[in-house]
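Please open the model in your viewer and keep the sequence panel beside it. The stops below each give a selection to make, followed by what is to be found there.

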Amino acid sequence: MRASAAARSRSTVQYILGMLFMMFFTPNDMQVLYIMETAPKEKRATYSFIAKGIALLSVSLIGVLSRVFLKENVPSSWRMVYLIPVIVAIAVGAASFFLMRETPVFVEQRRGFLSLSPEERRAKAVEDKKSGTAEQGGVFRAIKFIFVNRQLRWILIAGFLFFATTFYTSYYATVLEGSMATELVATALIIYPLVNGAVAIVSGFFSDKLGRKKVCLILGGLALFGLLMFVLACRLHWGPVAAGIFYGLSIGGLWSMSDTLILTMPAESSPSGMRASVMGTISVMIGAGMFIGQALFIVLQNFVSMDILFLCICVPFMALSLVVLMTKVKETKDVDLDNITAETYK
C-alpha cells in the first residue's frame, strides 16, 4: 500500500497527506477495542495478542503466494499474490458486520446515559465539558482530551518518539535483496511472519502478568536485539532462515510494543465514550513520528550504509521512548474499563 502511494504521488505534501489518511484507518485495529471491552480485565492483552498473532501468522501466505504466482519479468503478477488475502478480508469483514454485537462495556455505558433524566444529562454535559470528555467522541474532542489528560499526553510523547524507530520496516526487503538471491528472499518472507506472530502471542501473556510498562521494556530490547542480529545475518551471509528469524524477532518486539503503547494503554486510559475516538486519533498523532526517522534516514543514507543506519537511528529514539514511558506514564493493566473517568490518572 505504501509503495503504491509512493508510486502515484507527485509531491511530498501529497505523499504525507496520503500517508496520514491511511494511518488514520489502518493502525486502529478496532478488533483490539472489541476484545478489550469483552475480555476479563486480567486477560485483555492475552486475548488481543493471540488474535493479533494468528493474523500475523497468515502473513506467511504472502511468501507462499509469491512463490506460486510471482514472475520477475511480469510486474503485474504481484496482483495475484494479494488477490486471495483481499478476497478473504472482504468476506470476513462482511461476515463480522452481520455477526458481531456491540461490546458489553459500550452497551452498559449507553444504558446508563439513556436512563438519565434531561436535567441529569445537562448536568453531566457541563461536567464533561469541564473535564474535557463527553459521551460522544469525535476527532476534535479526542485531540483536546489527549492534551488535557496527563496520562494520554505522556503516552502520546512516548509513542511519537517510538514511531521514529519504525521506518526500517519499509526497507528490510532492500537489505535482504542486497545480501541474497530473489528465491532466498522469498524463503525469508515465509519465515519472519511466523516468528513475528509467535512473539505477538507470547507477549500478550507477559503483558497481563508483568504489566504494560515492563513488557514494553522487554519488547523494545527484543526489537533492538533482533535488528542487530538481522543486520549481522545479512552482512555475514548467514542465509534466509537466520535473516527471517531475526527480522521476525525484531518486528515482533517492535509491533507488539507498538500495540501496547499505541492501542492497549490509550484504550485503558480513556473513558468509554471517548475510547474509540482517542485510539483512532492518537494513532495518527503518534504515527506522524515516523516521518522523523524517515527524514533522518533519507538524509543520512548518503553517508552511512542502510543497515547500520537502522541501528544509529533506532537505538536513541527507542531509549528515549522507554525513558518517557517508564518515568511519566502510569501502569494500566488492572484498570476497570467501565469506571475510567478523566480523573482516573490524575
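Select glycine 211 in this predicted model, the residue that follows helix α12, and look at its backbone, where phi is positive, near 105°. Then extend the selection back over residues 182–210, which make up α12 itself: this helix has 29 residues and reaches 41 Å from its first C-alpha to its last, close to the 42 Å expected at 1.5 Å a residue.

Next, colour the aromatic rings, since the structure holds 14 aromatic pairs. Begin with tyrosine 171 and phenylalanine 297, whose rings form a tilted pair, 4.3 Å centre to centre and with 35° between the planes. The pair links distant parts of the chain, as tyrosine 171 sits in the loop between α10 (150–163) and α11 (172–177), whereas phenylalanine 297 belongs to helix α16 (residues 290–300), 126 residues apart. Both tyrosine 171 and phenylalanine 297 are buried.

Move on to tyrosine 172 and tyrosine 192, which form an edge-to-face pair at 5.5 Å centre to centre, with 70° between the planes. Here tyrosine 172 in helix α11 is linked with tyrosine 192 in helix α12, 20 residues apart, and both tyrosine 172 and tyrosine 192 are buried. To see these rings in a wider setting, select the cluster that ring pairs build from Phe167, Tyr168, Tyr171, Tyr172, Tyr192, Phe230, Tyr247, Phe297 and Phe310.

In soluble globular proteins, nonpolar side chains tend to be buried together. In this model, the largest nonpolar core has 63 residues, of which Tyr168, Leu176 and Phe230 touch the most other members. Select residues 240–267 as well, for this helix, α14, gives the core its largest share, eleven residues. Now centre the view on tyrosine 168: leaving aside neighbours within four places in sequence, tyrosine 168 is in contact with Ala223, Leu227, Tyr247, Ser250, Ile251, Leu254, Phe310 and Cys314. A second, separate core of nine residues can be shown afterwards, and Leu33, Met36, Leu263 and Ile340 are among its members.

Finish with the cysteines: how many disulfides does the structure hold? The count is zero. Cysteine 312 is in no disulfide, and the nearest cysteine sulfur, that of cysteine 314, is 9.5 Å away. Is cysteine 234 buried or exposed? Its relative accessibility is 5%, so cysteine 234 counts as buried, while cysteine 312, with a relative accessible area of 47%, is partly exposed.

How values were computed
Residues numbered from 1 in each chain as written. Predicted model: local features only at pLDDT ≥ 70, side-chain atom pairs only at ≥ 80, totals over all residues. Heavy atoms only, no water. Helix = DSSP H or I, 4+ residues; strand = E, 2+ residues; numbered from the N terminus. Expected span 1.5 Å × (residues − 1). Phe/Tyr/Trp six-rings, centres within 6.5 Å; stacked < 30°, edge-to-face > 60°. Buried < 20%, exposed > 50% of the residue type's maximum accessible area, 1.4 Å probe, protein only. Disulfide = S-S within 2.5 Å. Core = buried A, V, L, I, M, F, W, Y, C linked by side-chain atoms within 4.5 Å. Contact = heavy atoms within 4.5 Å.
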